[in-house]
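Work through the following exercises with the structure open beside you. Try each task before you read its solution.

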Amino acid sequence: NGAMSQTDIASSPIENSPSFPLDDEEAERSVGASRPTASTPVSTRTGTTSNSSTPFGVKTSTRSFALSTTSSARKAPHATPTKTHTTTSGEVEDRRAPLDRTATGQLVAPSHEEAVAEAMRKMKEVERKKKEERKRKRDEEEKWLRAVKAKLDEESARVDKDLDSSHGANRELYTLFNNLQGISQDFGLHFETPELVVVGMQSDGKSSFIEALLGFQFNIVETNIGTRRPLILQMINNPDKETPSCRFRREFSTVPKIVDNVDNLEEQSFEDTEIHVEDLCEEIVRRTQDVAGRGEGVSNVPIILRVEYAHCSNLTIYDTPGFRLGGKEKLSRDIQLMVEKLMAPKNRIIVCLEQSTVEWANSTSRPIARKVDPDFSRTVLINTKFDNRVKELRHADAANKHLAGENLPPGSVPFFISLPVRRNLDSDRFRTAIKEAYLEDYKKLLDAQFDEQRFFGQIGFFKAKSHLESLLSQRYYASVAPTLRTLDNLCKETEREINAVRRELESTDVETLKGRVNG
């Protein structure tokens, strides 16, 4: 009747015809014919069937037809195995393997083993490149760490050498100007002696900075001793003094009226008793209260303390009361006016301290200093507590931007320092802790790859200290000639006055003098 069974269809000469080469276009059409289309019903379960008619008018199942088609695809060497999969959305996904060409140009599908081998080869190649990259980065990091360590070791050795060096060459010069400073305070004489005036807010680290210059701690931080009266610290580097020698200058009312030796006048103006380091704070507080009272009074009469020590700087420093924000308005205003007056003389170098954590635009101390010294020609900017800021500078751009500063006058170069937070350290441990704080800041900046050539000279307490000593020494030498002229004029004026009195005594007899008195 012309009908064919499923068995007959499977053994049809169409399916069993011998294979023959196809060109590229025919091969593609053959492969495409085996793909299900959107209109072809595809079962999502194995073994299910859907009825359809064959070209011969015989109903057969889609499943058996698909098997037959797949079977024929396996028999043809030029065809690609059909791998289809129905997704949950009902779309048909094509999972055919990629085609390769034979030497004769035929398209063939790679075997499963070859595909796996190729994938493994590519995975190994990727892994090899990753290992090489990791090794390269590790080598670069180790090289960088060695370079950083070498720089830190070199800088540590340089600092140790500087700490061990003696500043005795200029000791006599410093002592001379310190003596002139004391005389000018006692007798109201005016000498242009170079001096440093340290200013800043209460919490800007002024006291810690001064302790670092002295080379020892004496709990100045905890007492706010400079709140209502200035403190003049005359530091003299004396290699013979392994223990700090601290003596206060006598208050004016206690200066001896008669001295044993005129040449020893300045020495006798200091008290005989040395004050132990542990007792310095208590003594300064007592002297402040004696002059300024126990309330909120402020006095501009300074306390003068001379310190001789093998590890201190050769500097003379005014430690001023800290500027205040908030609190009692009258006290804040009085302190600011007093400090501005102390900054005013042209012979004084202003050391303006600010916390590094305060943004440049939010500075409080710098605008006050700028009122007195608009172009910062005699102002040194020092940013304290740098350890709290440097940890945020993780790359070169951020580090360089902060170190350059903002809205500063041309030529103004700020310094950045960190000092130990721990208290009650002995002198040796204190100096070591200062060095460690500096090296830690330096290391963090090296890790951030900052512009070392540009900013290296501004980093650390030792750079700031060296700059101040050099600046003060230059001012000392520049002041020698003017000071000698002032002293010479003072001596000549005093000599003229003495001669005038002598002539008057010689030319006047006793009776004339009696007449003047009675008249």
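**Exercise 1.** In this predicted model, determine how helix 6 and helix 16 are arranged relative to each other, and which residues make their contact.

*Solution.* Begin with the two axes, because two packed helices are described by the angle between their axes and the distance between the axes. The axes of helix 6 (residues 206–214) and helix 16 come within 11 Å, and they cross at roughly 75°. Next, compare this angle with the range from 65 to 115 degrees, which counts as roughly perpendicular; helix 6 and helix 16 are therefore roughly perpendicular to each other. Then look for the residues that touch: helix 6 contributes Phe209, Ala212 and Leu213, while helix 16 contributes Phe461, Lys465 and Leu468. Finally, sort the residues of this contact by class, which gives five nonpolar, no polar and one charged.

**Exercise 2.** Carry out the steps of the first exercise for helix 14 and helix 16.

*Solution.* Helix 14 (residues 427–447) packs against helix 16 (residues 461–507) at an angle of about 110°, and their axes are 9 Å apart. The angle again has to be held against the range from 65 to 115 degrees, and helix 14 and helix 16 are therefore roughly perpendicular to each other. On the side of helix 14 the contact is made by Ile434, Lys435 and Tyr438, and on the side of helix 16 by Phe461, Phe462 and Lys463. Sorted by class, the contact of helix 14 with helix 16 has four nonpolar, no polar and two charged residues.

**Exercise 3.** Describe the sheet that contains strand 12, and find the strands that stand at its edges.

*Solution.* First write down the order of the strands: eight of them form an open sheet with the order 9-10-8-11-7-12-13-14, in which the pairing is mixed. The edges are taken by strand 9 (245–248) and strand 14, each of which has a single partner strand, so one side of each is left without a neighbour in the sheet. Now examine some of the pairs within the order. Strand 8 (residues 231–237) and strand 10 (residues 303–309) run parallel and are joined by seven bridges, with Leu233 standing opposite Leu305 in strand 10. Helix 10 (residues 329–343) packs on the sheet, where it touches strand 7, strand 11 (315–319) and strand 12, and its direction makes about 155° with that of strand 7.

**Exercise 4.** Is strand 12 enclosed or open to the outside, and which strands is it joined to?

*Solution.* Start with burial, for which the relative accessible area must be under 20%. Eight of the eight residues of strand 12 (residues 348–355) are buried, so strand 12 is largely enclosed by the rest of the structure. Both faces are covered, since the buried residues are Arg348, Ile350, Cys352 and Glu354 on one side, and Ile349, Val351, Leu353 and Gln355 on the other. Then turn to the partners. Strand 7 (residues 195–199) runs parallel to strand 12 and is joined to it by five bridges, and Val197 stands opposite Ile350 in strand 12. Strand 13 (residues 379–384) also runs parallel to strand 12, with six bridges between them, and here Cys352 stands opposite Leu381 in strand 13. As a last step, follow the chain from strand 12 through helix 11 (residues 365–372) to strand 13, which together make a right-handed β-α-β unit.

**Exercise 5.** Locate Lys385 and Asn407, and state the sign of phi in each.

*Solution.* Recall first that most residues other than glycine have a negative phi. Lys385, however, has a positive phi near 55°; Lys385 lies in the loop between strand 13 and helix 12 (387–390), and at 31% relative accessibility it counts as partly exposed. Asn407 likewise has a positive phi, of about 55°, although it is not a glycine. Asn407 is placed in the loop between helix 13 (396–404) and strand 14 (415–416), and its relative accessibility of 60% means that Asn407 counts as exposed.

**Exercise 6.** Where is Gln474 found, and is it buried or exposed?

*Solution.* Gln474 is found in helix 16. Exposed requires a relative accessible area over 50%, and at 51% relative accessibility Gln474 counts as exposed. A further step concerns Pro194, which is 280 residues from Gln474 along the chain, while the C-alpha atoms of the two are separated by 9.3 Å.

Key:
Residues numbered from 1 in each chain as written. Predicted model: local features only at pLDDT ≥ 70, side-chain atom pairs only at ≥ 80, totals over all residues. Heavy atoms only, no water. Axes fitted to C-alpha atoms, helices over the stretch in contact; angles between N-to-C directions. Helix = DSSP H or I, 4+ residues; strand = E, 2+ residues; numbered from the N terminus. Parallel < 35°, antiparallel > 145°, perpendicular 65-115°, else oblique. Contact = heavy atoms within 4.5 Å. Nonpolar A, V, L, I, M, F, W, Y, C, P; charged D, E, K, R; others polar. Buried < 20%, exposed > 50% of the residue type's maximum accessible area, 1.4 Å probe, protein only. Pairing = 2+ DSSP bridges. Right-handed = clockwise from strand over helix to strand, strands pointing away.
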